[in-house]
Every structure is written in C-alpha cells, then in structure tokens.
Amino acid sequence: MGATHPDSALYGPVMGSLSTFSSLSSPSTRSENLHHLQSLLSTRGNGRNPTETLSEFFVVRSPNETPLTDIRTRLQNFSTQFTTAYVDSGCGATTEAAGNRTNLAEQLYYYALEAILTDEKNQHGGNPQASSEIVRSEKFHRALCACCLEVVIANCQEEDESRRFPWILEALQVDAILFYKVVEVFVKNVELPREMVKYLNRIVEDILGEYAWRSNSPIWSTLSTPGSRGSGVPSVEEIFPPEKLEEVSGFHGNPFRFPRRELLTTSVPAKATSQSGGIVSITPSKKIRLAGPGGTIKSATIQTHHQDESARAAASLIAASESEQKFPTSEEASGDNDLEHRWSGSASVAANPPLIRRDATGIFFRHVYHLAASRLRAVCERVQPPINTGAASTGTPGNSASGSLLSKAWTTFEHVLVNETDMLKDRLLDQILLCCLYGVAKACGTVNLSLVEIVQAYRLQPQACRDTYRHVLISRINTTDGDNVPIIEEERADLARFYNYIFLGRVESYLTRFLGASMTDTKVHQHATSAPLTPIPIPPISSSNSGNSAVMSGDEE
C-alpha cells in the first residue's frame with residue numbers, strides 16, 4: 001500500500017476522485033469523524049494552548065517582537081469574528097453553539113500548526129527557523145484557522161449545512177486560493193478520516209474550477225504583475241516533468257515531446273474558405289441551442305485584445321509573496337545553461353524540456369491542468385468510446401477517435417488558458433472545457449458530435465450542475481439606478497449562446513488548424529496537418545478506465 005499523503009503539488013488535487021465525492025450527509029459518518037478528531041486532539045493534553053514543542057518555533061527576533069502572543073491574540077480575534085458571523089447567519093445559530101465549534105477548531109489549529117511546522121523543520125535538516133516566515137504570516141494563520149473551522153462545521157449537525165464552504169471564506173475574509181494552499185499542507189500533516197479527505201478534495205476542486213476565477217480573486221493581479229516569471233499562465237511543459245506527460249502525435253503520426261514553443265509562435269492562416277462559405281460552418285447556432293431564445297445580447301462586439309514540489313512547499317508559498325519566490329538557476333538545472341534558449345526554443349530543437357516552474361503560480365496551474373485533464377478525458381470517453389480500450393487504461397490516447405478529439409481539445413484548452421485567460425473571469429473551468437471540445441469536434445468534421453451530446457455526457461460527472469450550461473456569463477455592465485446608486489447588470493444565457501457570441505470570437509482563428517481537409521484549401525490543410533499538439537498529463541496509475549478519477553496511487557513515484 002502506498003503513502004497516505006500523496007505529493008499533490010505534482011500530481012493534482014489533494015486526494016479522492018471525481019466518482020467518490022463525499023457530502024458528509026450521513027449523521028453516523030459525521031459522528032465518527034468528530035470522534036476521530038477528539039481522539040486525535042486528546043493526545044496533545046494542552047487543550048487550546050500551544051505545547052512546549054510548538055513554542056520552540058516562536059523565536060523572538062527583536063525585543064519588541066512577541067510572535068507567540070501575537071498568534072494567541074490573532075486566534076482570539078478569528079474566533080470572535082467567526083462567532084459574530086455564525087450568529088448573524090441565523091438558522092437557529094447561537095453563541096453557545098459557535099463557542100463549541102471554535103473550542104474544537106482552536107485545538108485542531110494548534111495541532112495542525114505544530115505538525116506543519118515540525119514537518120517544515122524536518123525538511124530543512126532540523127532547523128526550526130526554516131518556518132519563521134510561516135510563523136509570521138497573518139494570511140497563513142487566518143487560512144489555517146478557516147480550514148480547521150470548516151472541518152469542524154462540516155461534521156456538526158445538519159443545521160450547519162448552510163454554513164459549509166464557501167461560507168467560511170466570507171465569515172473570516174479568507175481568499176479562496178490561500179484556503180486551497182492551506183488545505184494541501186493540512187491534509188498532508190493531519191491524519192483525517194477518508195471521508196473527510198474526500199470532502200476537502202471536493203473543496204479544492206471547487207476552488208480550482210470556480211472560485212479562483214472570480215473577478216475579486218488575487219490570481220488576476222498575480223498574472224498581470226510585470227517583470228516576474230511568476231506572472232502569466234504557464235504552458236503544460238513549463239510545470240509538468242516530461243515523464244508525467246503523454247507522448248502526442250502530429251496528424252502524420254510522428255511523435256514529438258515538446259512542440260509547444262512553436263505552437264505559440266506559428267502564425268495562423270486567415271479564415272479558411274469552404275463550400276459553405278467560411279469558418280462559420282463550425283457553429284450552426286440554431287442546431288445547438290439548448291433552450292428557447294430567451295434573453296437578448298446587449299452587445300455583439302467581441303473585444304480583441306520534480307517531485308520536489310510537495311504539499312510541504314505550499315506552506316512556504318503561502319508565507320512568501322510572488323515576488324519573493326525563488327526559481328532554479330541555470331546551475332541548479334541539468335543540461336543547457338542558456339535559459340533563453342530553453343524557454344523559447346522551437347519544436348525543431350526542443351529535444352530537452354523547459355525548466356519546471358517551482359513558483360506558487362506554477363503549482364496552482366499544475367493543479368488546474370490536472371483537474372481539467374481528468375474532466376475532459378472523462379467527457380471524451382463518454383461521447384466517443386475509444387477503439388483501443390487497452391490504451392485507455394494505460395493513459396495513452398491510442399488509435400481512436402476519442403484520443404484524437406481529446407488531444408486537440410486539450411491543445412485548444414491550453415491555448416485559451418495561456419492566451420485568452422480573461423475568458424475564465426467569473427466563469428467556470430468546465431464551461432471552457434466543454435466549448436473547447438465542441439469547437440474542435442466541429443472543426444475536425446470527422447466526429448458528428450452536438451453540444452447537447454457533450455452536455456449530456458458532462459452531466460454524469462458528480463461536480464456537474466445545471467448552472468454550468470444554463471447560466472453562463474455573457475456580459476456585465478457597471479451602471480447606476482434612479483437614485484444614482486451603483487449597480488451591476490449581468491446577462492447570462494445558455495452555453496450555446498456563450499459559445500457563439502463570446503468563445504468563438506476569441507478562438508475561431510485558432511480552430512482553423514483543426515479543420516478537416518474537405519473544408520480547407522491546400523495551404524490551410526498543410527498547416528493543420530503539421531500543427532503540434534499539447535501533451536496531456538498522464539492520469540494516475542490508480543485512475544479508472546473511465547477517466548473519471550483524480551486519485552493518485554501512493555505507489556507512484
């Protein structure tokens with residue numbers, strides 16, 4: 001049996017799988033989880049106070065510094081803030097009930113903090129000062145406290161169901177991305193029941209698929225920060241080691257490992273002409289409409305504008321800002337010391353992979369790519385079962401229509417994530433994945449696949465909800481009402497409308513590389529047959545053949 005705590009920073013979301021989400025709806029399960037927590041915390045013997053072992057990490061740097069006292073005061077403030085929000089939330093919430101929850105959560109907080117700092121010390125040769133930045137990070141402590149409260153609330157009575165995630169984010173004013181980072185180190189260092197780990201994994205996937213892309217998320221300021229390698233969305237090869245990526249083939253069947261550099265610089269031909277009069281044949285909007293013609297479009301204008309990353313590393317990433325992250329130097333990397341060559345080499349000379357990014361942004365997007373690959377693979381295998389089922393079980397696309405469709409849809413998804421990132425703002429990762437799959441299916445012309453069929457396959461995934469394909473953001477306008485009070489007007493419509501009026505306008509020219517031979521002239525067809533494909537992360541060994549699993553086997557290296 002493998003390790004209990006996988007290297008989730010390398011392989012994907014924390015633990016669990018798409019097919020085994022836990023809602024903690026069973027009273028007996030919640031009761032067992034609470035009993036487990038109480039038994040775990042009983043070993044401390046120090047209740048709601050730090051132990052001597054934990055106190056060793058709080059070394060005073062100056063006469064005026066009191067880090068241990070600061071943490072106690074900070075934790076008391078968090079508890080007060082939680083109690084106020086809990087009582088104000090209604091549903092029979094009382095101050096006494098809030099006190100019971102903060103009491104258990106504070107004990108769990110000290111237990112988890114000691115475990116995390118001890119692990120950090122052990123990773124740095126027994127030096128307790130290795131975690132000094134974490135000790136002094138207010139954001140880290142706030143997020144850790146929120147995580148502990150979430151664990152307690154999720155296992156309390158049914159009345160607390162309305163106060164489960166994401167309620168805690170607003171209650172303690174915690175950013176979703178920081179919460180996700182803390183969950184990673186929390187699961188690694190705290191022994192939790194399997195159902196509780198599944199529940200936290202579901203939260204991680206919700207953050208990666210939705211909350212991280214909201215307009216108030218810090219991810220947008222991080223990506224827009226100039227002059228740092230931590231800015232900008234990394235490509236797949238920049239954050240996955242080569243052995244964790246599938247070999248992909250060009251349309252002539254010639255495998256090549258790192259063609260992505262040329263993909264970003266290859267000029268795309270002008271719109272292809274076809275017998276039907278142009279690329280608009282990709283999008284027969286009348287045929288793919290999911291609902292009646294409700295709602296109007298306010299504006300039809302489209303703006304053109306390797307293993308060393310473990311859960312332990314996430315704690316350090318929380319404590320430091322993006323500008324403080326360290327990147328491997330040329331001396332630390334093996335092979336060519338010319339960084340510029342390694343990052344911008346074309347496909348013809350890309351025999352070596354680019355350096356793997358180790359910054360916080362790189363780790364975050366590694367999780368995003370892994371989750372997206374798992375969900376896209378599941379939909380592809382349901383809409384077009386692979387011919388070679390043996391290849392599917394090993395994580396190789398195989399000689400199948402679904403494998404070709406998957407590779408091209410994945411390549412398109414990476415293009416959108418890297419070059420059209422703002423299309424995800426206030427939308428869902430799944431919405432973009434479904435549009436990439438449909439756009440490629442229409443462009444290839446070899447797969448008779450409707451958007452309705454794609455949505456029907458997607459609905460079988462446990463995270464799927466109706467709003468994903470019925471209420472997609474089309475436009476948002478900041479305006480004022482009659483009393484000059486600022487308001488926000490939103491237009492939302494079904495996925496077909498979003499595809500036709502937003503997605504296609506941004507990705508149309510890119511999809512020309514996948515047009516079938518019957519729809520293109522010779523020049524465009526030559527470009528299409530030589531266009532490189534992006535390698536997709538290899539699914540974990542323990543993944544099921546359905547491609548619907550994100551579990552990593554502990555036996556993987």
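Helices here are DSSP runs of at least four residues, numbered from the N terminus. With that in hand, a good place to start in this predicted model is T534, which sits in the segment after α24 (522-530). T534 has a relative accessible area of 1%, and anything under 20% is called buried, so T534 is buried. Its side chain isn't without company, though: T534 and E414 are joined, side chain to side chain, by a polar contact of 2.7 Å.

Next comes helix α23, which covers residues 495-511. A straight helix of 17 residues would span 24 Å at 1.5 Å a residue, yet α23 spans only 18 Å between its end C-alpha atoms. There is a bend to go with that figure: α23 turns by about 65° at L504. As for its surroundings, 14 of the 17 residues of α23 are buried, so the helix is largely enclosed by the rest of the structure. At the start of α23, D494 lends a side-chain oxygen, which comes to within 3.1 Å of the backbone nitrogen of A496.

Just ahead of that helix in the numbering is a strand pair. Strand β3 (residues 472-480) and strand β4 (residues 486-493) run antiparallel to each other and pair over eight bridges. One of the residues involved is V472, whose bridge partner in β4 is A493. Five residues lie between the two strands of this hairpin, and N484 takes a positive phi there, near 65°.

Two loop residues are worth a look as well. L460 belongs to the loop between α21 (451-458) and α22 (466-470). Its relative accessibility is 58%, and the cut-off for exposed is over 50%, so L460 counts as exposed. Along the chain, L460 and A378 are 82 residues apart, while their C-alpha atoms are separated by 9.4 Å. The other loop residue is P166, found between α7 (138-154) and α8 (167-171). P166 is partly exposed, at a relative accessible area of 32%. From P166 to A176 is ten residues in sequence and 8.4 Å in space, going by the C-alpha atoms.

Then there are the aromatic rings. A pair of aromatic rings is described by the distance of the centres and the angle of the planes. The model holds 17 aromatic pairs by the rule used here. Take W213 and F364: their ring centres are 5.9 Å apart and their planes meet at 55°, so this pair is tilted. W213 also pairs with F365, with centres 6.0 Å apart and planes at 50°, so that pair is tilted too. How open to the outside are these residues, buried or exposed? W213 is buried, at 0% relative accessibility. F364 is buried as well, with a relative accessible area of 2%, and F365 is buried with 0%. These three rings belong to one aromatic cluster, whose members are Y180, W213, W220, F364 and F365.

Some rings have a charge for a neighbour instead. The charged end of R163 sits over the ring of Y86, at 4.4 Å from the ring centre. A similar arrangement turns up at R513, whose charged end lies over the ring of Y510, 4.1 Å from the centre of that ring.

Technical notes: Residues numbered from 1 in each chain as written. Predicted model: local features only at pLDDT ≥ 70, side-chain atom pairs only at ≥ 80, totals over all residues. Heavy atoms only, no water. Expected span 1.5 Å × (residues − 1). Bend = angle between axes of the 7 residues up to and from the residue. Buried < 20%, exposed > 50% of the residue type's maximum accessible area, 1.4 Å probe, protein only. Polar contact = N/O pair within 3.5 Å; in protein donor to acceptor, adjacent residues only side chain to side chain. Pairing = 2+ DSSP bridges. Phe/Tyr/Trp six-rings, centres within 6.5 Å; stacked < 30°, edge-to-face > 60°. Lys NZ or Arg CZ within 6 Å of the ring centre and 35° of its normal.
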